[in-house]
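I opened this model to look up how its helices pack against one another and where a few chosen residues sit. My notes follow in the order in which I looked.

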Amino acid sequence: MAKKQTAGRKYLGDFAPKFAELNDDVLFGEVWSREKELSPRDRSMVTVSALITKGAFAQLPNHMKLAKQNGVTKDEIVEVITQLAFYVGWPNAWSAFNIAKDVWKD
């Protein structure tokens, strides 16, 4: 089983404890652990796509790093972003490519 990202309590536990609990226990605990239904690799591609679509670029670097850890290759992320460019906007794709270049630079 893949290591789960659970930063909620670390970063928001004192300020927003219920949100941190939902982040760690429900989103990354229950939802991301449903690996029979959807692999961590596929969940990462869906999540990265959703973040690019929304323009949520502050969250994108960490999710791209997780996607890479979950087996998404440079060539795959390039195809995902290229595909999205025509549906969610060229500027979103440019922004996503700048982040992806840093994550997949090795």
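**Entry 1: α3 and α4.** I began with this pair in the predicted model, and found α3 and α4 roughly antiparallel to each other, because their axes cross at roughly 160° and angles over 145 degrees fall in that class. The two axes come within 9 Å, and the crossing is left-handed. On the α3 side I listed S44, T47, V48, L51 and I52 as the residues that make the contact, and on the α4 side L60, H63, M64, L66 and A67. Sorted by class, this contact of α3 with α4 has seven nonpolar and three polar residues, with no charged residue.

**Entry 2: H63.** I then asked myself whether H63 is buried or exposed. H63 has a place in helix α4, and it is buried, because its relative accessible area is 12% and the cut-off for burial is under 20%. Setting aside neighbours within four places in sequence, I found H63 in contact with F28, W32, T47, V48 and L51. Of these, T47, V48 and L51 are also among the α3 residues listed for the contact with α4.

**Entry 3: T6.** F28 led me on to T6, which is found in the segment before α1 (8-12). What lies in contact with T6 once neighbours within four places in sequence are left aside? The contacts are D24 and F28. T6 and F28 are 22 residues apart along the chain, and their C-alpha atoms are separated by 6.4 Å. I noted T6 as partly exposed, at 42% relative accessibility.

**Entry 4: α4 and α6.** Next I took helix α4 (residues 60-69) with helix α6 (residues 90-103), whose axes come within 10 Å and cross at roughly 50°. That angle makes α4 oblique to α6, and α4 passes α6 in a right-handed crossing. From α4 the contact is made by L60, P61, M64, K65 and K68, and from α6 by A96, I99, A100 and V103. By class I have seven nonpolar and two charged residues here, and no polar residue. L60 and M64 of α4 appear in this contact, and both are also listed in the contact with α3.

**Entry 5: K68.** I followed K68, which has its place in helix α4 and is partly exposed, with a relative accessible area of 28%. Not counting residues up to four places away in sequence, K68 touches V103, W104 and D106. I also looked up its separation from R41: the two are 27 residues apart along the chain, and their C-alpha atoms are separated by 8.3 Å.

**Entry 6: R41.** R41 has its place in helix α3, and at 26% relative accessibility it counts as partly exposed. Which residues does R41 touch, not counting those up to four places away in sequence? I found N70, G71, V72 and E76. As a second separation I looked up R41 and T82, which are 41 residues apart in sequence and 18 Å apart in space, C-alpha to C-alpha.

**Entry 7: α3 and α5.** The contact of R41 with E76 took me to this third pair, in which R41, M45, V48, S49, I52 and T53 of α3 meet E76, I77, V80, I81, L84 and V88 of α5. The axes of α3 and α5 come within 10 Å and cross at roughly 35°, in a right-handed crossing. The residues of this contact divide into eight nonpolar, two polar and two charged.

**Entry 8: the nonpolar core.** I finished with the largest nonpolar core, which has 19 residues, and asked which of its members touch the most other members. They are V48, I52, L60, M64, I77, I81 and W104. Each of α3 (40-54), α4, α5 (74-88) and α6 supplies at least two residues of this core. For W104 I looked up the contacts separately, and, with neighbours within four places in sequence left aside, W104 is in contact with M64, A67, K68, V72, T73, K74 and I77. Two of these, M64 and I77, are themselves listed with W104 among the core members that touch the most others.

Technical notes. Residues are numbered from 1 along each chain as its sequence is written. This is a predicted model: local features need pLDDT of at least 70, side-chain atom pairs count only at pLDDT 80 or more; totals for chains, interfaces and linings use all residues. Side-chain values use heavy atoms; hydrogens and water are left out. Axes are lines fitted to C-alpha atoms, for helices over the stretch in contact, and angles run from 0 to 180 degrees between N-to-C directions. Helices (H or I, at least four residues) and strands (E, at least two) are DSSP runs, numbered from the N terminus. Angles under 35 degrees count as roughly parallel, over 145 as roughly antiparallel, 65 to 115 as roughly perpendicular and the rest as oblique. A crossing is left-handed if the near helix is turned anticlockwise from the far one by less than a right angle, and right-handed if clockwise. Contact means heavy atoms within 4.5 Å. Ala, Val, Leu, Ile, Met, Phe, Trp, Tyr, Cys and Pro count as nonpolar, Asp, Glu, Lys and Arg as charged, and the others, Gly among them, as polar. A nonpolar core is a set of buried Ala, Val, Leu, Ile, Met, Phe, Trp, Tyr and Cys residues joined through side-chain atoms within 4.5 Å. Buried means under 20% relative accessible area, exposed over 50%, partly exposed in between (1.4 Å probe, protein chains only).
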